[in-house]
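Here are my notes on this one, jotted down while going through the model. Have a look at it first, then read on.

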Amino acid sequence: MKAENNRPEQRLQGTAAAPGVARGPVYLLMKGMAIVACQKVNDSEAEIRRLEAALGATRLEISKLRDDIARKLNESEAAIFDAHLLVLEDVALIDDVSREVKKSGFNVEFCFQEVAQRYIEIFEKMDDDFLRERAADIRDVTGRVLEQLLGTQPERAGEAAKLHVVVARDLTPSDTAGLHDDGVSAFVTEEGGRTSHSAIMARSLDIPAVVGVKGLMEAVKEGDIVLVDGETGLVIVNPTEQTIDAYRDKVQAILTRRDRVMREVALPEVMLDGAPFTLLANIGAPEEMDDAVSYHGRGVGLYRTENLYLRLDAWPSEEEQYAEYAEAVQLAQGRPITFRTLDLGGDKRLGDLADEANPFMGYRAVRLCLERPDVFRPQLRAIIRAAALGPVAVMFPMISGVEELRRAKEIFRRIENELKQEGVTSRSPIKLGAMIEIPSAAMVADELALEADFFSIGTNDLVQYLLAVDRGNQRVAHLYEPCHPAVVRTLARIFLAAKQRGIPAAVCGELAGDPVWAPLLLGLGAHALSMSPAALPEVRFMLRHSSLTELQQLAQRVLSSPEAILTRLLLQDFAAHKLKLR
Ligand code: PEP
Ligand code: MG
C-alpha cells in the first residue's frame, strides 16, 4: 500500500490511545454541524412538539446502540450511552430551547442548534480535562437530535472505510462504536486525550488509535497513506519504503508477542524459581466478572462501588446495592472480591455534590462516608449481606491516618453485629483493609498496619499527591512520573511496614497492570497485583518468565537510582528482555 502521490513523509506526534500498529489509506471523516436555515414559524407549540418527538426518537436510537455495545463489549462501555441518554433528559437544555423558540418565533432546529452550540462551548472551555472531553458527548447527542429534526442521515464511516485509517478532528463514542463493524484499521484524531470515551472504547475494541495530534487535519489529505503507531503515539503520513520495512518487523513482533502471551493465559502463577504470585482484577460492575474469569483473575482486588452511583446518577438504596453485590459474588463462584467502599468525589462527582475549587483534596471517599451515615450504612449493610453468599473483603479509600481507619472499622463492626442479630452471617470472616494512596498514610504505614488486615496501594492517587501533579490535567501530564525516586521509596516503605507487621500489601492502581512496572512492584514486596482484566495475560507472562530473586535485584538497583530517567531505562530494559524471550 504505497501512497500514489509524491508527497514527502511527515511525522506527527500525538498521544497513544490504544495499542497496535496499522497502516492504510486515509478515510477523512469531515463532520461539521449541519447547515440549518433560520425561518420564522407561526406555531411555536407545534415546533416544541416536534422537539419532543425528535428527543423520543433519539432516545430509542441511543438505547438500541447501548444494548448493541453491551452485547459486543461490556456494560461499562455501554454506560457511555447512559450518559448520552441523560443529556436528552437535561431539563435546562430542553427549557432553553423551548424558551428560545417562543421568544424568537424561529424554527426549532435553528434554536436547538444555537443552544446546543452554547452548551458545547461551555464544556470546551473547562479547565478540567475530563469535563472538557464531555463536550464531544454533548456534540454527539445533540447532533443526533438535529438529524431527527432535519430528517437527514448522519455521516458515518461505513463500508467505504473498511481497511482504512479514519482521520477526524474528533470522534464521538457513537462514531467509534461503529468503526469495529466497519472493519476500520485504526483511527487518529486531532483532539481528545487518553481519558476521552472514544479512546477508552478503542482500547476495548482493540483498534490501534492515536489522539490529540496537533496539526493533523492540516497535514493529511485524501489519497495519503498513514501509518499509526498506537504504542508510541507516532503518526507517519506517507511513510517511505524504508519506514514501512522497519515497521513490518515491529508489527510482526507485536503479533508474535500477543500470540505467545495468550498461550500462557491459563498457566500457573509461579515464577521461574518457584515463587508464587497472585493476579487479581479491577472491575466496576457484575458484568465485568466475565472478563475477570476468562483472563484467569484469581479474584477481584478492587471493586469500584461508586460506579453504580454514577450509572444511576443517584444515591442507590441498600436493596439496589445488595442486588449488584450479590450478583457479583455469585458470578465470582468462590473467588474472593474486595469491595472498596464508596469513592465519590475528585473526578467522580454525583450531580448533587457541591462543586469545589479543589475536588481531589476535598470532600470525597471515606471523608464523605464518615460524615454521612445515610450513605455509609446502607452500603456496608449491602456488602455484609452479600458476604453471606461468598468470600468478601472490604477496603476503605483515601485513608489519611489511624483515627480515620479506626472510625471506619468501628462503624463496620457495629453494623456487622447488628446484622448478626438479624440472622445474617458472612461465609468467612470479612477482612478490613486500608487503601494507601495519600502520603500521610504511607508515612504512618507501620501504625496503620497494626489496625488493617491488609493494604492495597492506590498508585494513581498516591503518585498525584506525592508529586503534587493533578492526575487528569493534560498540561502537567509530563510531570506525572511514577519513576520519581520519591514514589519508589514510598512504595518500598509501605511494603516494609506491611511485612514487619505480617499483613499482605497489594497494588491496585494502573501501575499494577503495566508489564513494565509489575516486576518492580513484586520485587519491592507486593503480595498481589490487581488490574483491568485485559492486562492480566501480559503481566502473567512477564512474571512467569522472571524469578523472584532477579525481581528483588531489579528493585535494589532501582532503589539506589537517584533519577527517574535511569529507573525508567532499567524497567524498560528488563521488560524488553523478558518479552523477547524464546
Ligand atoms: C488509585 O488511586 O490508584 C485507585 C486504584 O483508585 P482510583 O483510580 O479509583 O482513584
Ligand atoms: Mg484512588
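How do the residues of the shell around ligand 1 divide into nonpolar, polar and charged?

1. Keep in mind that this is a predicted model. On the question above: seven residues of the ligand 1 shell are charged, four are polar and three are nonpolar. That shell holds 14 residues, and R304, R340, G458, N460 and R471 are the closest.

2. Now the contacts. The side chain of R304 puts an N or O atom 2.9 Å from an oxygen atom of ligand 1. R340 also reaches an oxygen atom of the ligand, with a polar side-chain atom at 2.9 Å. With G458 the backbone is involved: one of its N or O atoms lies 3.4 Å from a ligand oxygen.

3. As for cover, ligand 1 on its own would expose 290 Å², and the protein buries 99% of that. The ligand sits in the largest cavity. Strand 10 and helix 18 (459-467) are the elements that each give two or more residues to its shell, and helix 18 supplies the largest share, three residues.

4. Two backbone angles to check. H296, which is not a glycine, has a positive phi near 65°. You'll find H296 in the loop between helix 10 (289-294) and strand 10 (300-304), and it is partly exposed, at 37% relative accessible area.

5. The other is A365, again a non-glycine with a positive phi, about 50°. A365 belongs to helix 13 (residues 365-371). Its relative accessibility is 1%, so it counts as buried.

Conventions:
Residues are numbered from 1 along each chain as its sequence is written. Chains are lettered from A and ligands numbered from 1 in the order in which they are written. This is a predicted model: local features need pLDDT of at least 70, side-chain atom pairs count only at pLDDT 80 or more; totals for chains, interfaces and linings use all residues. Side-chain values use heavy atoms; hydrogens and water are left out. Helices (H or I, at least four residues) and strands (E, at least two) are DSSP runs, numbered from the N terminus. Buried means under 20% relative accessible area, exposed over 50%, partly exposed in between (1.4 Å probe, protein chains only). A residue is near a molecule or strand if one of its heavy atoms lies within 4 Å of it. A polar contact is a pair of N or O atoms within 3.5 Å; within protein, one must be able to donate a hydrogen and the other to accept it, and residues adjacent in sequence count only if both atoms are side-chain atoms. Accessible areas come from the Shrake-Rupley method with a 1.4 Å probe; for residues, only the protein chains shown count as cover. On a 1 Å grid over the protein atoms alone, a cavity is a set of points where a 1.4 Å probe fits but cannot get out, and a pocket is an open set with protein on both sides within 12 Å along at least five of seven lines; lining residues have an atom within 4 Å of a point. A molecule sits in a cavity or pocket if more than half of its atoms lie within 2 Å of its grid points. Ala, Val, Leu, Ile, Met, Phe, Trp, Tyr, Cys and Pro count as nonpolar, Asp, Glu, Lys and Arg as charged, and the others, Gly among them, as polar.
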